[in-house]
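Me: Could you take a close look with me at one part of this chain, the nonpolar surface patch? I'd like to know which residues make it and which elements they come from.

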Amino acid sequence: MNTGGAAPLALPAPEGISIASVTLSVLKSPVVSTVSKAFNKTLKFVKPVVHYGFVPLVLYLGFETSETQPTLIQLVLPI
């Protein structure tokens, strides 16, 4: 069923060049390797920060937005 929009243009691959070979040559470039290494380093840092910081962040935001803001001693001592 045609919705009135233009059909996507599908161009054939040039002779002797496959999409797989183009993809592999792009993935082997030094820029992609550098970006991939930087992304992995960043991910190794961010994952533990998010993992261990999510619940404290939610608690902090909840205490900051509540009408009665407890002190630190009230938070630590369950009295």
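Reply: Happy to; here is the patch, with the chain around it.

This is a predicted model, in which local features need pLDDT of at least 70 and side-chain atom pairs count only at 80 or more, while totals for chains, interfaces and linings use all residues. Residues are numbered from 1 along each chain as its sequence is written, and side-chain values use heavy atoms, leaving out hydrogens and water.

The chain has three helices and zero strands (DSSP runs, H or I of at least four residues for helices and E of at least two for strands, numbered from the N terminus). Phe-54, Val-55, Val-58, Leu-59, Phe-63, Leu-72, Ile-73, Leu-75, Val-76 and Leu-77 form the nonpolar patch, about 990 Å² of surface. For such a patch, nonpolar side chains (Val, Leu, Ile, Met, Phe, Trp, Tyr) with over 30% relative accessible area and no salt bridge (a Lys or Arg side-chain nitrogen within 4 Å of an Asp or Glu carboxyl oxygen) are joined within 5 Å. Areas come from the Shrake-Rupley method with a 1.4 Å probe, and for residues only the protein chains shown count as cover.

Two or more residues each come from helix H2 (30-65) and helix H3 (72-76), and H2 gives the most, five. Val-58, in helix H2, is partly exposed at 44% relative accessible area (buried is under 20%, exposed over 50%, partly exposed in between).

As for confidence, pLDDT (the predictor's confidence in each residue, from 0 to 100) is highest in H2, at a mean of 88, and lowest in helix H1 (residues 19-27), at 59. Where pLDDT is low, predicted coordinates should not be read in detail.

Methods: Patches are made of residues with over 30% relative accessible area and no salt bridge: like charges are joined within 9 Å, nonpolar side chains (Val, Leu, Ile, Met, Phe, Trp, Tyr) within 5 Å. Buried means under 20% relative accessible area, exposed over 50%, partly exposed in between (1.4 Å probe, protein chains only).
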